[in-house]
Amino acid sequence: LLSPTTAHSQATLRLLSLSPSFTPEVTDMQVSRFVSQAGACRIVEATEEHAEGMAPFLRSIDQLECACMGHTALEALQQGLKSDDATLTVLDPFGVPFAMFGVGVQLDTPYIWMLATDDVKNNAYDFVKHSRKWIGILSKPYGAVMNHVHESNEDSIKWLKFCGAVFTRKLTFNQEPFLEFVIPHN
């Protein structure tokens with residue numbers, strides 16, 4: 001992946017810092033920057049510790065998607081931390097990370113991604129309720145963002161449609177079927 005551009009990075013950080021609740025918050029894992037409250041869940045700046053804690057527990061379909069792209073779960077999460085303009089983690093009410101997502105630019109193409117543990121289902125109401133808002137905030141500097149999802153990842157496909165994704169074509173990675181999607185900023 002290419003390094004994020006300074007303009008995109010600065011624009012994303014400005015968006016995040018506009019939140020009046022953008023203050024340091026202590027989680028059970030370590031000090032992270034609190035970004036937003038999402039019902040009983042919190043959204044914080046992602047850390048290496050979040051990635052290490054989540055990787056062994058990623059949903060099996062997310063692990064398959066990572067493998068098809070040539071990465072372990074941990075490598076995929078770490079790649080996001082290194083390459084994204086912004087990477088965020090969703091913590092459950094007890095401070096345990098259950099989803100990590102981010103945006104950036106690779107080969108001049110803005111991308112968005114999200115990987116989760118099975119605990120995303122236990123926090124589905126708050127997660128889904130606040131998803132459109134965060135997709136909008138993160139996609140705004142780019143106009144539109146894109147990526148791919150495994151064709152059998154039904155939960156993610158429903159969630160992506162809810163967030164405004166348009167599926168553009170079928171692709172194959174490592175002999176597995178994927179759908180390309182674009183999320184235009186609304």
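## Phe-101 and the main core

Contact here means heavy atoms within 4.5 Å. With that in hand, take Phe-101 in this predicted model. Leaving aside its neighbours within four places in sequence, Phe-101 is in contact with Ile-43, Trp-134 and Leu-138. Its contacts also include Ala-86, Thr-87, Leu-88 and Val-90, along with Trp-113 and Met-114.

Phe-101 also stands out in the largest nonpolar core, which has 31 residues. Together with Ile-43, Val-90, Phe-127 and Ile-183, Phe-101 is among the residues that touch the most other members. Strand S5 gives the most to this core, namely five residues. Apart from this core lies another one, of 13 residues, including Ala-46, Ala-51, Ala-73 and Trp-113. As a general backdrop, nonpolar side chains tend to be buried together in soluble globular proteins.

## Strand S4 and its partners

How many of the residues of S4 are buried? Six of the six are, so S4 is largely enclosed by the rest of the structure. Ala-86, Leu-88 and Val-90 point one way from the strand, while Thr-87, Thr-89 and Leu-91 point the other way. That fits the usual rule: side chains in a regular strand alternate between the two faces of the sheet. Here the residues pointing either way are all buried.

Now for the pairing. S3 (residues 41-45) runs antiparallel to S4, and four bridges join the two. Val-44 is the residue that stands opposite Thr-89 in S4. With S5, S4 pairs in the antiparallel sense over six bridges, and Ala-86 has Val-103 in S5 as its bridge partner. S4 and S5 also form a hairpin, with five residues between them. Look at Gly-95 in the turn: its phi is positive, at about 85°.

## Helix H4

Which residues of helix H4 (residues 73-83) are buried? They are Ala-73, Ala-76, Leu-77, Gln-78, Gly-80 and Ser-83. Ala-73 turns up again in the 13-residue core.

The buried residues of H4 pack against two helices, H2 (48-54) and H3 (60-68). They also pack against three strands: S4 (86-91), S5 (97-106) and S6 (109-116).

## Salt bridges

A search of the whole structure turns up four salt bridges. One of them joins Asp-62 to Arg-59, with the closest N and O atoms 3.1 Å apart. Asp-62 and Arg-59 are both buried. Another is between Asp-155 and Lys-121, where the closest N and O atoms are 3.5 Å apart. Asp-155 sits in helix H6 (residues 154-162) and Lys-121 in the loop between S6 and helix H5 (124-139), so this pair ties together parts that are 34 residues apart in sequence. Asp-155 is partly exposed, at 36% relative accessible area, whereas Lys-121 counts as exposed at 59% relative accessibility.

Then there's Arg-169 with Glu-180, whose closest N and O atoms are 3.0 Å apart. This pair links distant parts of the chain, eleven residues apart: Arg-169 belongs to strand S8 (residues 166-173) and Glu-180 to strand S9 (residues 176-184). Are these two buried or exposed? Arg-169 counts as partly exposed, at 46% relative accessibility. Glu-180 has a relative accessible area of 10%, and so is buried, the cut-off for that being under 20%.

Technical notes. Residues are numbered from 1 along each chain as its sequence is written. This is a predicted model: local features need pLDDT of at least 70, side-chain atom pairs count only at pLDDT 80 or more; totals for chains, interfaces and linings use all residues. Side-chain values use heavy atoms; hydrogens and water are left out. Buried means under 20% relative accessible area, exposed over 50%, partly exposed in between (1.4 Å probe, protein chains only). A nonpolar core is a set of buried Ala, Val, Leu, Ile, Met, Phe, Trp, Tyr and Cys residues joined through side-chain atoms within 4.5 Å. Two strands pair if DSSP finds at least two bridges between them. A salt bridge is a side-chain nitrogen of Lys or Arg within 4 Å of a carboxyl oxygen of Asp or Glu.
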